[in-house]
Amino acid sequence: MKRIGNKIIDWIDERYDLTPVRKLLKHKKVPSHKYSAWYYMGGVTLFLFLVQLFTGILLLLYYRPGEESAYESVRFIVTEVKFGWLIRNVHSWSANLLVFFAFLHMFSVFFSKAYKKPRELTWVTGFIILVFTLAFGFSGYLLPWNELSFFATKVGTDIVGVIPIIGEPLRNILRGGEDVTGATLSRFFGIHVAILPAIFTMFLSLHLLFIQRQGMHDPEHFKNLPEEKKKYIPFFPDFALKDFLLWLVVFNILIFLALYFPWELGNKADPFASAPKGIRPEWYFMFMFQTLKLLPAHILFIEGELFGVLVFGVAGFIWMMIPYIKIKNKSDWKVQPLTVIGIVVVAFIVIMTILGYIL
Amino acid sequence: MRKSFFYLPIYALALFLTIGFYDGAEQKNKTAQNSKEDHCVSCHKENDMMPKGFSENDVHRHAELSCSGCHGGDPSSDDESIAMSPSKGYRGVPKKKDIPQFCGKCHSNINIMRVYQPRIATDQVSQFYTSMHGKKLLQGDVNVADCTSCHTAHNILPAKDPRSTVYALNVPPTCNKCHGDKELMKKYNLPSNQLEEYSKSVHGNELLNKKDIGAPACNDCHGNHGAMPPGLTSVSYVCGMCHINNLQYFNATKMARAFEKQDFHGCEQCHGNHGVQKPSDNMVGVGKESICVDCHNEGDKGYATAKSIKISLDKLSDLYNLAETKLNEVHQKGMNEVEISFLLQDAKQDLIQSRTLVHTFDTVKVNSKTKDGVAIASNALAMAEKQINDYYTRRNGFLAATLAFLLLVVALYFKIKDIGKKNS
């Protein structure tokens, strides 16, 4: 077996010269320290994206967009297609875990200050990937065309409409008309399976390329260690195998969740029915949704909702631009200002999300 | 001749306009009369002499009809001697026996009534005189019901208004005001426990407890204004108004003619009247609760038919119940129940139809329908069992997969450790 493998590699090597790849695999090293575990978060996120890609392609074989066919085809997938239930549930669960690990990865990078020079663009591309991940979630949520997703999309796209001047046209472009209809479903489908994957893959490739080019970031405490105390492990095979081990565990958890907590399909969307109880966005939008709900009707001279949307927009932009913002460290502070900001942001997201579910 | 034909449409138009103007003039006059200051109400209120149970919500008040609309007189005058003068058409309070005619003055006149409701019936008074109430009233019996006994005199509301005494939910207590009076009913040799029995019946439970106004109240079987106890032959027709198939099947049987000969009361003979209960399969057959054995004895054909029908009904019913239990299990396990519930709906339909076909007393017809139901229910049961099996297969599959993953994870762990040792 090993011989056949070597023969194939030799065959390729002879024609395409694998020396640069060999060099990269041989020389790429990953720092080993007490916070090394966070290095794996990006890998898990990437793995979940691959799961999404694979299960998404399989779902595409049976899914039929359209007001009269979307719900029916998803029902067909989960009831009639062999292992269709597993693929659909894994896709739904993996989407949620993907967002969760993407957030975890982002905050681990933030708190370890890995976004600093020379990795500014890695951070920026990473943030853009996160935004597109959320867009994936939002567009995919509507595709089963059930009651909950229909009304959640209605509420979600309504929020876009509050932006002055461009809000309404933007909402109409998103919806393909004034209301959420079959036209919205068609365009969300197109966005979900064609537009987003294309853009996402581009930014993901850039993100991965930057990481390969610059290697893993050494945290401050690690940099300050004397050379002899700095420990590294080879990326291949040590780190790659550890990554793989974690992927296996995550995959097993994914199947467990898909089997024991299947994603409900609910009732088919009826545009003429009154909105059912308990309409809420996916959990990762909850903190924004809850904040908008809690804001007063008017703040100063502008509408509360518009104020909220603008603040989130500006805050998101600042967050993306964080590598370029200089905040001086305070030598007498135990916890540095940026870390305090990070903690406040995390606390805000967690508290608002919890409030969204209990209020 | 030709000339007269030419003028015919003009005459017709003139006649039409005259009648139209006449009716319109009368209506206009009435409205004008009512819209003026109404001294009847102001004086009677002032002197605390308003009629018992008077309500501003009364349908006549809403239609801008004042007291004078029924009682006559001149409401524009604040002088009692003028306002309540017979010369002004004052009729006063009608005597009980005159009440139907008193109300019928308007309610039997379609020209007046169509103004308020184009499709309204105007035969209430004539129907009333065909009823036992009306007949007795004509004979001078003042204990029987007149219009006001059910509708009230001054708080009359449309029958669709839930506050009305004749709203579907309120009909049983309204009738019971008299029919529940033991002393009164004794005079007519009538029972007084109908409401009590009805409340316990399947109809009463639907109407009074579940507030389903589609369920029959007293008037749905006995009629409204022409209220009569249904006669022997009409009982089946009364029930058949809703239970159409049962009536058709029953009427086509020899049993129907045998019932007539024996003076049996159609449906009532087996199901009862006011206290009619939800029928159970045990009413058929030869068991303890069977009604068939009241007339049929072991050895006769009817006995064998009853036994055979019961067996096929039980077979379908048991299978349906079993499949339904399995369906619940499928639902609880979060498995696919859509197809199974569709099948069970069909099976239930067959079960209902089989139960209806019992009224043919024909084993072939009942058995053929139950056979269809059994086939569908068996299919549903098999599908439900497959879903339940799949549920466990998935879990076992997950266990096997987890074991495989675990093995791989352990192997990887040792491999990583081994590589780590080599590197160091």
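User: Where is the place of A:P118 in chain A?

Analyst: A:P118 sits in the loop between helix 5 and helix 6 of chain A. Helices are DSSP runs of H or I with at least four residues, strands are E runs of at least two, and both are numbered from the N terminus. This is a predicted model, in which local features need pLDDT of at least 70, side-chain atom pairs count only at pLDDT 80 or more, and totals for chains, interfaces and linings use all residues; side-chain values use heavy atoms, leaving out hydrogens and water. Residues are numbered from 1 along each chain as its sequence is written, while chains are lettered from A and ligands numbered from 1 in the order in which they are written.

User: What is omega for the peptide bond that joins A:K117 and A:P118?

Analyst: About 10°, and the bond is cis. A second cis bond joins A:F236 and A:P237, with omega about 5°. A:P237 belongs to helix 11 (residues 235-260) of chain A.

User: What makes the phi of A:F83 worth a remark?

Analyst: Its phi is positive, about 60°, although A:F83 is not a glycine. A:F83 lies in the loop between helix 4 and helix 5 of chain A.

User: How do you know that helix 4 and helix 5 of chain A pack?

Analyst: The axes of helix 4 (residues 70-79) and helix 5 (residues 84-111) of chain A are 5 Å apart, at an angle of about 115°. Axes are lines fitted to C-alpha atoms, for helices over the stretch in contact; angles between N-to-C directions run from 0 to 180 degrees. A:V74, A:I77 and A:V78 of helix 4 meet A:G84, A:W85 and A:R88 of helix 5. Contact means heavy atoms within 4.5 Å, so these residues hold such atoms.

User: Why is A:G316 counted as polar in the contact of helix 6 with helix 13 of chain A?

Analyst: Ala, Val, Leu, Ile, Met, Phe, Trp, Tyr, Cys and Pro count as nonpolar, Asp, Glu, Lys and Arg as charged, and the others, Gly among them, as polar; A:G316 is therefore polar. The contact also includes A:W123 and A:F127 of helix 6 and A:W319 of helix 13. Its classes are six nonpolar, one polar and no charged residues. The two axes come within 9 Å and cross at roughly 145°.

User: How much area do chain B and chain A bury between them?

Analyst: About 1,800 Å², 75% of it on carbon and sulfur atoms. Buried area is the accessible area (1.4 Å probe) that two parts lose on being put together, summed over both, so the value covers both chains. Chain B gives 17 residues and chain A 19. Helix 22 of chain B gives the most to its side, with 14 residues.

User: How many salt bridges are there between chain B and chain A?

Analyst: Zero. A salt bridge needs a side-chain nitrogen of Lys or Arg within 4 Å of a carboxyl oxygen of Asp or Glu, so no pair across these chains meets that rule.

User: What is the pLDDT of residues 1-6 of chain B?

Analyst: It stays under 50, with zero contacts beyond four places in sequence. pLDDT is the predictor's confidence in each residue, from 0 to 100. Where pLDDT is low, the predicted coordinates should not be read in detail. Chain B averages 88, and 91% of its residues score at least 70. The model scores ipTM 0.77 and pTM 0.68.
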